[in-house]
Amino acid sequence: MKIPLDRQSPYPLYLQIRDYLSRLIQSGSLPPAARLPSIRTLSESVQVNKLTVIEAYGVLEADGLIHARQGAGYFVNSTANSTLKLHSTFAPAQNVIISEGGGSFFEQYAASLQAQQQGKIIDFSSGFPRASDLDSFQRIAKRAVARSAEALFRYDFPQGQLALQQQIVQMLVQQGLEVSTEELIITNGSEQALSLAIRYHVQPGDWVIVETPTYHGALAILENLGAKVIGIPMTAEGMNLELLEQYLRSHRPKLIYTISTLHNPTGITTSQTHRQQLLSLAEHYECPILEDNAYEGLNFEPVPAPIKALDRHDWVTYISTFSKTLMPGLRVGYMVVTGQHYRPILEQKILQDLHVSTVSQAIVREFLTSGHYRRYLSRLRTSNLQSRNAMLQALERYFPQQVCWTVPKGGLFLWVHLPNGLPMQVICREALAQNILVASGAAFFPGQQGYPAMRLNFSHSLAEIERGILVLGRLLKQHLGLGISAQEPQLKREPITNIPFETVTSSDPVSNLIKV
C-alpha cells in the first residue's frame, strides 16, 4: 500500500496515515472485513517507524473504524461506513455578564471530593484524567528518587530544577513556543501559576475580562481578590472578539484571561487567526493576556501554536500543567513569563512555598527524559478519543433533540447546552441518587449567571459512559415531559447509601458538586 506522506509538514505522520486509511474506509475502497497491511509491512512500505504505524492503527481503532484480532492483524469494522455523527450546534446567546461575586469554590471542591470516595459513583463532574499505567509510574518514580536523593536534603531554586526546565523548554518548542529556561517558572500546579499571574496584574476593584463560560477556579481567584469580572460570551470559534473590543474600549480592564486550546469547559480550540486578532486587540488597548492551556498535549489533531508564540512585546503570560496529562497528585505546573514581569512574579512565588516538591519535579523530569511521557500521551489520546466518541454516540442515542453539545478535538470535556427552564438542582440530585455525579454548568459563569448547561468528563470506561448518559438522558426527558423510547435498555437501580445530603454542602446538596 502506497500512502503519500508530506514529511516536511508539521502534521504528524501517524495522523497522515490515519487520515488516508480513514478516507479509504469511509469511501468503501477498503470494504468491511478487509484486512489491513501488517505493522511491519506498512512501516516498510511507507518507510516509517513501526511505532508510527502502531499509533495510526490505534487512532483508527479508537475511531471505531478497525479492530485487531489476536494473531491475525487488523481488519475493517463491519459498521465502519456508518460515520459517527459529529454535529456541533454550539451557538449560545451572546450576552455579556458583569459580576462582582460568585459561588464558593471551596464548598464545590470539597463536596465533589467527598462524593468521589464512594466507589460506585460515575463522576462526570471531575476535571481529572483516568488513572492508568501505574506499574510504569512506580518504576519511573523509584528511579527518579534514587537519582535525586541528595537533593531531597536541601532547598531548591524557586523557579524550579534546571534539568526539568530544560525538558519543558524542549517540549514547548515542539508546540511552537520558543522560550528559554530564564523565562520559565515551575509551580505547584497551574492553580498556583494562575494565582501568581492574576495577583501580579490585578488589584481589588480592577476590571478583568474572561470568557463565558470559563474555568471556575480562575473565577474563584478573581472573586477572592475583589476584582470585577466582565464575561465575554464564547462562540463556536472562541471569545466574541467584537464584544471584547467594545469592553476593552469602555472599561479598560487590567487583564484578559483566556483558554485558547481545548477550552475548559467547552473543549473549543481557537484558530490561528482568532489568536492573532485577540493579541492585536490586547496590544492596541494595552491589556495583558493570561493564556491558560492546562489541556495542551491532549489534542487529537494538531493545534495552532499558543498565543504566547505570537507575542513580541511581553503582553502574554502562558501557563500549563502536568496534572491533566500525567497525574494531578504530582502538582507540577509551569508558567512562561517574559520581560520585566519575571522577577516580581518569582519573588512572590518564593514567599508562598520556596519551591515545588523536589520529588515531584524529579519524577516529571524522568518521564520527559526517558521518552515515556510521549508514549504515555499517545496512548492517553487514543483512549480519550475512544471515550469521546462513545460519549457522543450515547448522547445521540439517549439525550433529547432539544439538547446540543460541543465536539472537542481533545481534552477531557464536552459542553452540553440545555433548554431553558430545567430544574438543574433537582436533576443533579436525582442523578446522584442513581450514582451519577454531574454538576450544573452555572459555576463556570461569573456570578453563576449563565445559561443552563453541563460539563461532562468523557475520560471513563465505555460501560460507565453508556450507563451514565442513559441515566442523564432519561432524567432530561422526564423533566421536559418527553417519553422514554421502548428501545432504551432497562437499568438496575442501585441507590447511593453513604452520602447523606446534609453533609455534601451546607446549602444546596447537589447543585454545587463541582471538581476542578
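Which helices and strands each supply at least two residues of the lining of the largest pocket? In this predicted model, the contributors are helix H1, helix H3 (50-62), helix H6 (162-174), strand S11 (316-321), helix H12 (358-370) and helix H13 (372-398). Of these elements, H13 gives the most to the lining, with 6 residues. The volume of the largest pocket is about 1,100 Å³. Its lining is made up of 38 residues, and Pro12, Gln174, Gln175, Arg374 and Arg381 are the ones that lie nearest the centre of the pocket. By residue class, the lining consists of 19 nonpolar, 14 polar and 5 charged residues.

The chain as a whole contains 16 helices and 16 strands. It has 516 residues, of which 57% count as buried. Among the contacts in the chain with a separation of 6 or more, 76% are between residues 24 or more positions apart.

Strand S11, one of the elements that line the largest pocket, contains Ile319. Ile319 has a relative accessible area of 0% and is therefore buried, the cut-off being under 20%. Leaving aside residues up to four places away in sequence, Ile319 touches Ser190, Ala193, Leu194, Leu290, Glu291, Asp292, Asn293, Ala294, Tyr334 and Met335. Ile319 and Thr187 are 132 residues apart along the chain, and their C-alpha atoms are separated by 9.4 Å.

A second buried isoleucine is Ile209, which is placed in strand S6. The relative accessibility of Ile209 is 0%, so this residue counts as buried. Its partners, again without residues up to four places away in sequence, are Ile230, Ile232, Met239, Leu244, Tyr247, Leu248, Pro253, Leu255, Ile256 and Tyr257. From C-alpha to C-alpha, Ile209 is 10.0 Å from Ile97, with their positions 112 residues apart in sequence.

Two of the residues touched by Ile209, Leu244 and Leu248, also take part in a helix contact between H9 and H10. Helix H9 spans residues 241-251, and its axis lies 11 Å from that of H10, at an angle of about 10 degrees. H9 is therefore roughly parallel to H10, since angles under 35 degrees are classed in this way. On the H9 side the contact involves Leu241, Leu244, Glu245 and Leu248, which meet His274, Gln277, Leu278 and Leu281 of H10. The residues of this contact comprise 5 nonpolar, 2 polar and 1 charged.

Strand S6 and helix H10 also border loops with cis peptide bonds. One such bond joins Thr212 and Pro213, with omega at about 0 degrees. Pro213 belongs to the loop between strand S6 (207-212) and helix H8 (216-225). Another cis peptide bond joins Asn264 and Pro265, and here omega is about 20 degrees. Pro265 is located in the loop that runs between strand S9 (255-258) and helix H10 (272-284).

Positive phi values occur at Ala33 and Asn435. For Ala33, which is not a glycine, phi is positive at about 80 degrees. Ala33 lies in the loop between helix H1 (13-27) and helix H2 (39-46), and H1 is one of the elements that line the largest pocket. For Asn435, also a residue other than glycine, phi is near 65 degrees. The loop that holds Asn435 is between helix H14 (424-432) and strand S15 (436-437). Asn435 counts as buried because its relative accessibility is 5%, which is below the limit of 20%.

Helix H15 (residues 462-479) includes Glu466. With a relative accessible area of 27%, Glu466 is partly exposed, because partly exposed residues fall between the limits of 20% and 50%. Apart from residues up to four places away in sequence, Glu466 touches Ala394, Arg397 and Tyr398. Between Glu466 and Tyr398, which are 68 residues apart along the chain, the C-alpha separation is 9.3 Å.

Methods
Residues numbered from 1 in each chain as written. Predicted model: local features only at pLDDT ≥ 70, side-chain atom pairs only at ≥ 80, totals over all residues. Heavy atoms only, no water. Helix = DSSP H or I, 4+ residues; strand = E, 2+ residues; numbered from the N terminus. Buried < 20%, exposed > 50% of the residue type's maximum accessible area, 1.4 Å probe, protein only. Axes fitted to C-alpha atoms, helices over the stretch in contact; angles between N-to-C directions. Parallel < 35°, antiparallel > 145°, perpendicular 65-115°, else oblique. Contact = heavy atoms within 4.5 Å. Nonpolar A, V, L, I, M, F, W, Y, C, P; charged D, E, K, R; others polar. 1 Å grid on protein atoms, 1.4 Å probe; cavity = no way out; pocket = protein on both sides within 12 Å on 5 of 7 lines; lining within 4 Å. Points joined across faces, edges and corners; volume = space filled by probe spheres on them.
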